[in-house]
Amino acid sequence: MSAEDMVIVVTELDTAHSIRNALSRLGCTFEDLHEMHRTGDYATLKHRLAWIAIGPTTTTANTT
């Protein structure tokens with residue numbers, strides 16, 4: 001089996017852990033990130049990119 005033939009399945013728990021870890025590395029909560037989006041005042045480019053990656057598709061801030 002080659003690498004092109006492999007299928008990687010990502011669970012909701014995997015996604016929640018990834019979001020939690022990203023927020024931890026940024027030093028903010030989902031609510032903080034949402035507020036940055038609302039005001040357009042992002043702390044850093046990484047915060048803006050995180051919102052682009054997780055904000056619009058995350059329906060809940062509970063990622064624990």
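In these legends, a residue is buried when its relative accessible area is under 20%, exposed when that value is over 50%, and partly exposed in between, as computed with a 1.4 Å probe and protein chains only. The views show a predicted model, in which local features need pLDDT of at least 70 and side-chain atom pairs count only at pLDDT 80 or more, while totals for chains, interfaces and linings use all residues. Residues are numbered from 1 along each chain as its sequence is written, and side-chain values use heavy atoms, leaving out hydrogens and water.

**View 1. The whole protein, with three helices and zero strands.** From the N terminus, the order of elements is α-α-α, where helices (H or I, at least four residues) and strands (E, at least two) are DSSP runs numbered from the N terminus. Of the 64 residues, 27% are buried. The accessible surface amounts to about 5,000 Å², and 56% of this surface belongs to carbon and sulfur atoms; such areas come from the Shrake-Rupley method with a 1.4 Å probe, and for residues only the protein chains shown count as cover. With a contact defined as heavy atoms within 4.5 Å, 40% of the contacts between residues at least 6 apart in sequence join residues at least 24 apart. The mean pLDDT, which is the predictor's confidence in each residue on a scale from 0 to 100, is 88, and 86% of the residues reach 70 or more. Over residues 60-64, however, pLDDT stays under 50, and the model has five contacts beyond four places in sequence for this stretch.

**View 2. The largest nonpolar core, made up of 11 residues.** Its members are I19, L23, L26, C28, F30, L33, M36, Y42, A50, W51 and I54, and helices α1, α2 (30-39) and α3 each supply at least two of them. A core of this kind is a set of buried Ala, Val, Leu, Ile, Met, Phe, Trp, Tyr and Cys residues joined through side-chain atoms within 4.5 Å. In soluble globular proteins, nonpolar side chains tend to be buried together. I19, which lies in helix α1 (residues 12-26), counts as buried because its relative accessibility is 8%; its C-alpha is 10.0 Å from that of T29, which is 10 residues away in sequence. Another member, A50, touches L26, L33 and G55 when residues up to four places away in sequence are not counted.

**View 3. The surroundings of H47 in helix α3.** H47 is buried, since its relative accessibility is 7%. Apart from neighbours within four places in sequence, H47 is in contact with L26, C28, L33, M36 and Y42. In the loop between α2 and α3 lies T44, which counts as partly exposed because its relative accessibility is 37%. T44 and L26 are separated by 18 residues in sequence and by 9.2 Å in space, C-alpha to C-alpha.

**View 4. G55 in the segment after α3.** With a relative accessibility of 5%, G55 counts as buried. G55 touches F30 and A50, residues up to four places away in sequence being left out of the count. Between the C-alpha atoms of G55 and L33 the distance is 7.9 Å, although these residues are 22 apart in sequence.

**View 5. The salt bridge between the side chains of R38 and E35.** A salt bridge is taken as a side-chain nitrogen of Lys or Arg within 4 Å of a carboxyl oxygen of Asp or Glu, and a search of the whole structure finds one. Here the distance from N to O is 2.6 Å. Because R38 and E35 are three residues apart in helix α2, about one helical turn separates them. R38 is exposed, at 56% relative accessibility, whereas E35 is partly exposed, at 36%.

**View 6. A nonpolar surface patch formed by L45, L49 and I52.** Together these residues have about 310 Å² of accessible area. Patches consist of residues with over 30% relative accessible area and no salt bridge, in which like charges are joined within 9 Å and nonpolar side chains (Val, Leu, Ile, Met, Phe, Trp, Tyr) within 5 Å. L45 is placed in helix α3 (residues 45-54) and counts as exposed because its relative accessible area is 59%.
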